[in-house]
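Me: I would like a careful, close look at a single part of this protein, set against the chain as a whole. Please take your time over it.

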Amino acid sequence: MSVYFSNQMLKWYLLITNNYIRFISSRFAQPQKRRAILSFTRMVALLSVMIGSIALIMSLSILEGFDLKLRDSAYRFTSHIHIKSFSEIPFGGKDENANMIMEKYDFVDKAKPTLQKEGLVRAGKNLEGVVVNGFDFDRDITGFSGFITQGVARFSNLSANEVIIGSDLAEMLGVTIDDKMILYVILKEGSSGIPDSKIRKLTVKGIYQTGMTQYDKTMIYVPFEMLQSLIGFTKEQCTGFDVTLHNASEAPIKALILENELGYPFYCQSVQQIHRSLFAWIDLQKEPIPLVLGLISIVAVLNIITMLLITVVEKTKNIGILRALGMKGKNILGIFIMQGLKVSLIGTITGLGISFLFSVIQLNYSIIKLDGAIYFLNAMPIKIIPEYYAAVFAISMLLGFLSTIIPAIIAIKVSPLQAIRYK
């Protein structure tokens with residue numbers, strides 16, 4: 001079967017590359033005098049293929065961009081697995097536990113202790129709720145420092161009164177590099193029933209930007225030991241551990257293994273669990289895409305079929321004359337196949353070229369902005385994947401070829417005598 005199919009494809013290739021068939025095909029594409037319907041339908045068919053190609057490649061590129069950007073940002077803030085305590089009791093022996101997790105489990109790439117506390121920050125009259133993270137740049141296992149766009153990429157020391165905040169939070173507070181802000185950390189209720197709090201004056205040393213509003217507005221990073229001192233922890237205490245794996249997709253399964261083996265009070269959450277709504281939103285966006293793209297492809301195919309059918313009607317007399325002169329049916333078939341493939345080729349290449357140009361512009365200048373509160377990102381992400389361009393080109397050309405079959409068969413069945421008498 002495969003040999004037969006290969007032979008047929010070779011015959012069709014030789015057929016449509018024949019010089020005189022190419023010449024006649026180009027003449028058939030030209031409308032008769034005072035009849036512009038053929039040019040109009042040809043332009044509509046070409047535009048439909050071009051728009052279909054743009055829709056196909058842009059949909060795939062945008063969805064892939066969303067997926068990669070959101071997952072990358074989520075991994076950098078929560079790692080692949082986050083380990084914390086059931087009762088929020090601090091862990092002791094932070095370094096020993098982190099090293100034990102790395103050495104005992106071969107699926108673990110890296111592990112580090114974490115320190116996290118809710119608090120408030122104030123600058124002037126602006127007050128915002130935040131999540132305070134104790135951070136040590138020497139133990140950055142997720143590459144968070146790559147998000148810092150202004151200021152320094154590390155603290156002066158682990159006890160300094162310094163802070164790195166998100167770009168959105170900096171705008172809300174009206175602060176920039178070297179400005180001062182007040183941090184309030186609420187610990188627990190005192191004997192009077194009033195929550196006990198700690199206050200520290202911090203200097204803004206860096207501003208990071210992930211493009212994800214939920215992080216850029218709420219997460220701040222302070223030196224690890226400074227936060228330990230502020231909330232009354234010893235140097236060996238932490239609130240949890242961040243773990244990265246060799247394979248991030250295995251995080252849900254490995255989180256269960258870690259939780260079962262570590263036991264109480266260790267409680268493990270995978271990045272997929274922590275950001276369940278985020279990943280569910282990505283999957284939801286992907287579900288209708290095959291249906292939408294399928295409809296676009298059908299419209300493009302129907303337009304090519306319509307163009308070729310109109311060509312058959314308008315060129316019926318010419319077809320009859322060619323048949324009367326002895327042209328074989330397979331040569332007539334080659335004429336219409338060439339016309340369909342030419343429209344598909346021009347439309348597809350133009351569509352892919354426009355898509356690539358737009359993708360490059362969006363990557364470099366972010367001309368299309370998004371509402372971060374709804375879409376999680378401030379700018380529309382794009383991922384240029386050569387395999388997608390190749391797949392769209394192949395699919396478009398295949399559909400273009402298939403759409404020529406019906407009109408070509410109709411042209412072959414035209415009777416030479418009736419065609420010559422056709423007006």
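What percentage of the 423 residues in the protein chain is buried? After that, please concentrate on helix H8.

Reply: This is a predicted model, in which local features need pLDDT of at least 70 and side-chain atom pairs pLDDT 80 or more, while totals for chains, interfaces and linings use all residues. Residues are numbered from 1 along each chain as its sequence is written, and side-chain values use heavy atoms, without hydrogens or water.

To take the first point, 46% of the 423 residues in the protein chain are buried (under 20% relative accessible area with a 1.4 Å probe, protein chains only; exposed is over 50%, partly exposed in between). The chain has 17 helices and 10 strands (DSSP runs of H or I, at least four residues, and of E, at least two, numbered from the N terminus). Of its contacts (heavy atoms within 4.5 Å) between residues at least 6 apart in sequence, 78% connect residues at least 24 apart.

Helix H8 covers residues 251-262, and its 12 residues reach 16 Å from the first C-alpha to the last, which is close to the 16 Å expected at 1.5 Å a residue (1.5 Å times one less than the number of residues). Five names make up its buried set: Ala-251, Lys-254, Ala-255, Leu-258 and Leu-262. Because these buried residues cover an arc of only 105° around the axis, they lie on the same side of H8 (the arc is taken from the directions from the helix axis to the C-beta atoms). On the other side of H8, by contrast, Ile-253, Leu-256 and Asn-260 are exposed.

As for what the buried residues of H8 pack against, the partners are strand S1 (81-85), helix H4 (94-104), strand S9 (240-245), strand S10 (266-270) and helix H9 (271-274). Just after H8, Gly-263 takes a positive phi of about 75°.

One of those partners, strand S1, is also the place of His-82, which is buried with a relative accessible area of 16%. Leaving out residues up to four places away in sequence, His-82 touches Thr-114, Phe-241, Asp-242, Tyr-267, Cys-268, Gln-269 and Ile-274. Although His-82 and Asp-242 stand 160 residues apart in sequence, their C-alpha atoms are 4.8 Å apart in space, and their side chains make a polar contact of 2.8 Å (N or O atoms within 3.5 Å, one able to donate a hydrogen and the other to accept it; residues adjacent in sequence count only through side-chain atoms). The backbone oxygen of Phe-241, in turn, lies 3.5 Å from a polar atom of the His-82 side chain.
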